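Good morning, and thank you for making time for this item. I should like to take you through one protein, beginning with its surface and ending with individual side chains.

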Amino acid sequence: RLPDQPELSGEFTLGNALKTGRLKLALDDPYEITVQGGFMIDNTIGLAVTMAGEDLDLSVYSSELQGKLDVSVDVSLAVTGEKLDLEYSDLTLRGLVLDYPFELHSSGKYNESILTIAPSSVVSGASRLNFSGVVAENLDLLFHLKSDDIGELVPSVTGHLNHDIPGGHPV
């Protein structure tokens, strides 16, 4: 379902072709996302945006996924011919998922069919998952899971966990 009244505004500079512009798109409930950024079309199509949303209702995407998240991310994208370069930074998701506190922080880039994830983390209560690495033909991600109360993740289990999980697996 699309929002009833999206707001779109912007300004552009025209030459022989569209050269540069700024654009703002605001969507209301259930999305409540604001996208702001600039773009240019020349030999390369480039786009840089900041996206932010508050209280995004996860049940809009899946009826089994309950919760609300605040989200923000900066994204830059460049397309030259068939080559795509994408970089995301300051990706933050924060809120409640299935009644558990949830927070994700990540940055990374995609080019030449390779996704490189900078040191990133997911935190829920007393548990923290750190991860980084590369997703390509082989999955080469490193994970470190630390939980002072594993029962928060698996209610039937008690104790704590501090474990490294190596990468290097075929996709």
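The accessible surface of this protein comes to about 11300 Å², and carbon and sulfur atoms account for 56% of that area. Please bear in mind throughout that the model is a predicted one. The chain has 171 residues, of which 21% are buried.

Turning to secondary structure, the count is 12 strands and 0 helices. Read from the N terminus, the order of elements is therefore β-β-β-β-β-β-β-β-β-β-β-β, with each element being a run assigned by DSSP. As for the contacts with a separation of 6 or more, 27% of them link residues 24 or more positions apart.

Let me move to the interior. Which residues form the largest nonpolar core? There are 9 of them: V49, V73, V75, Y88, L104, I117, V122, F131 and L141. Two or more residues of this core come from each of β5, residues 67–80, and β8, residues 114–124.

Two serines deserve a closer look. The first to discuss is S106, which is placed in strand β7, residues 100–111. Is S106 buried or exposed? Its relative accessibility is 7%, and because the cut-off for buried is under 20%, S106 counts as buried. Its side chain makes a polar contact of 3.0 Å with the side chain of Y88, a residue that we have just met in the largest nonpolar core. A further polar contact, at 2.8 Å, joins the side chain of S106 to that of S120. With neighbours within four places in sequence set aside, the residues in contact with S106 are Y88, S89, D90, L91, I117 and S120. I117 in that list also belongs to the core.

The other serine is S147, in strand β10, which covers residues 138–147. S147 has a relative accessible area of 0%, so it is buried under the 20% cut-off. What does the side chain of S147 meet in a polar contact? The partner is the side chain of S127, at 2.7 Å. In addition, a polar atom of the S147 side chain lies 3.4 Å from the backbone nitrogen of I150. Beyond its neighbours within four places in sequence, S147 is in contact with A126, S127, L153, H160 and L161.

We now return to the surface, and to charge. How many salt bridges are there? The count comes to 2. One is between D85 and K83, where the closest N and O atoms are 3.6 Å apart. D85 is partly exposed at 25% relative accessibility, and K83 is partly exposed at 39%. The other joins the side chains of R94 and E103, with an N to O distance of 3.3 Å. Here R94 has a relative accessibility of 41% and E103 one of 25%, so both fall between the 20% and 50% limits and count as partly exposed.

Finally, there is a nonpolar patch on the surface, formed by L65, L98 and Y100, with about 250 Å² of accessible area together. L98 is located in the loop between β6, residues 83–97, and β7. At a relative accessible area of 44%, L98 is partly exposed; it also passes the requirement of over 30% for membership of a patch.

That concludes my presentation, and I welcome your questions.

Terms used. Residues numbered from 1 in each chain as written. Predicted model: local features only at pLDDT ≥ 70, side-chain atom pairs only at ≥ 80, totals over all residues. Heavy atoms only, no water. Helix = DSSP H or I, 4+ residues; strand = E, 2+ residues; numbered from the N terminus. Buried < 20%, exposed > 50% of the residue type's maximum accessible area, 1.4 Å probe, protein only. Polar contact = N/O pair within 3.5 Å; in protein donor to acceptor, adjacent residues only side chain to side chain. Contact = heavy atoms within 4.5 Å. Areas by Shrake-Rupley, 256 points an atom, 1.4 Å probe, with all protein chains shown as cover. Patch = residues over 30% accessible without salt bridge, like charges linked within 9 Å, V, L, I, M, F, W, Y side chains within 5 Å. Salt bridge = Lys/Arg side-chain N within 4 Å of Asp/Glu carboxyl O. Core = buried A, V, L, I, M, F, W, Y, C linked by side-chain atoms within 4.5 Å.
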